[in-house]
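Here are a few notes from my pass through this one. Have a look at the model first, then go through the points below.

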Amino acid sequence: MRVVIIEDEKKTATELVGMLRQLDSEINVEAILPSVSSSIKWLNENISPELIFSDIQLGDGLSFEIFKEITIEAPVIFCTAFNEYAIRAFESNGIDYLLKPLEEEMLHRSMEKYLRFKSHLLNHNQYTNNLRRVVAEMTTGYKQNILVNYREKIIPLRITDIQFVYAAFGSVYLHDLNANSYPVPYTIELLESMFNPRQFFRANRQFIINRDSIKNIEHYFNRKLYVIMHTETPEKVIISRIKAQLFFKWMEE
C-alpha cells in the first residue's frame, strides 16, 4: 500500500511511520511532506498514493488548501490536535479524523475503515461486478495456463494447479500441487494481475495463495493470521491484522 504523510512535525511523522509499519510491513510511505506548498508540488508531479495521512495546521497554512488546489483521488485520514476542523475534513476526501497524540488502536481502526471503504468502492454495484467478472472470464481476462521450465523442458502449468506464488531475493517461484517449484520471469505484482482474484489472494509481499490450497488458519501474535497450506511453504504465510478482515471476507465468497 502506497501512503503519503503530510506533517510538519518530524517526530510525529516518524512515530506515524513506525506505527504504520507495525500494523503492516507492506505499507510503503512514499513521501513525508511538511508544508502546503511542498504537498501541492509533490502530488502534482507524482502518481496519486492509495492513502494520505494529513495534519491540518501546517507552517504555511491549512492542509485544506492542498485539496482545493489540486484534485485528490486518494482518501485522506486527518490527524490533528484540534477538533474544530472535523466538518471541513470530511469535505476534503476525509474518511476519518484522528486526534493527536495518535494511539495505535485508533490508527488500526482507521486502517480497517479505509479497507472497508476501499472494498465498498470496488463492490458498490454487485450486479455490475458480477457481470464484469463473467465477461472477463469468458474473454480469458485471467490466465488459464503459464509456461514454465522443468528439467530441460518447457511445460504448460495450469493456473488452478498453482498452490502458491513465492517471491524472495529478487526471484519469483510457482509451487504446484506436487510440491514442484518453478522459477518464472514475472514480478509477483504482474502475476497478481494475471490470476483470478476470486481464486488467489495476495497475502503479503512474498506470497500469493490459492484458496483451494489452504489447510487451516491460526491466530498469530499481534492479531495477525498464520495461514497453513497443504504443501510446506519456504516461510510462514502471515496476513497482517489490517488485512485479516479482508482475507476472511475473501474466504467466505
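The points below go from the nonpolar cores to two buried charged residues.

1. Keep in mind that this is a predicted model. Everything that follows was computed from it or, in one case, comes from a record.

2. Start with the cores. The largest nonpolar one has 22 residues, and Ile 5, Leu 20, Phe 53, Leu 107 and Met 111 have the most contacts inside it. At least two residues each come from β1 (2-6), α1 (10-23), β3 (51-54), β6 (76-80), β7 (94-99) and α5 (104-122). Another core, of 20 residues, lies apart from it and includes Ala 31, Ile 40, Trp 42 and Phe 78.

3. Phe 53 is a handy residue to click on. Leaving out anything up to four places away in sequence, Phe 53 touches Val 3, Val 4, Ile 5 and Ile 6, plus Leu 16, Leu 20, Ile 77, Cys 79, Leu 107 and Met 111.

4. Next, Asp 55, in the loop between β3 and β4 (57-58). An unreviewed UniProt entry annotates Asp 55 as "modified residue: 4-aspartylphosphate". Is Asp 55 buried or exposed? With a relative accessible area of 4%, Asp 55 counts as buried, because the cut-off is under 20%. Beyond four places in sequence, its contacts are Ile 6, Glu 7, Asp 8, Ser 63, Phe 78, Cys 79, Thr 80 and Lys 100.

5. Finally, Lys 224, in the loop between β15 (214-219) and β16 (225-229). Which side chain of opposite charge is nearest to Lys 224? That is Asp 24, 7.8 Å away, so this buried lysine has no salt bridge on the 4 Å cut-off. Among the residues Lys 224 does touch are Glu 218, His 219, Ile 238 and Arg 241.

Key. Residues numbered from 1 in each chain as written. Predicted model: local features only at pLDDT ≥ 70, side-chain atom pairs only at ≥ 80, totals over all residues. Heavy atoms only, no water. Helix = DSSP H or I, 4+ residues; strand = E, 2+ residues; numbered from the N terminus. Buried < 20%, exposed > 50% of the residue type's maximum accessible area, 1.4 Å probe, protein only. Lys, Arg positive; Asp, Glu negative; His and termini not counted. Contact = heavy atoms within 4.5 Å. Core = buried A, V, L, I, M, F, W, Y, C linked by side-chain atoms within 4.5 Å. UniProt positions renumbered as here; feature names shortened; annotations may be inferred.
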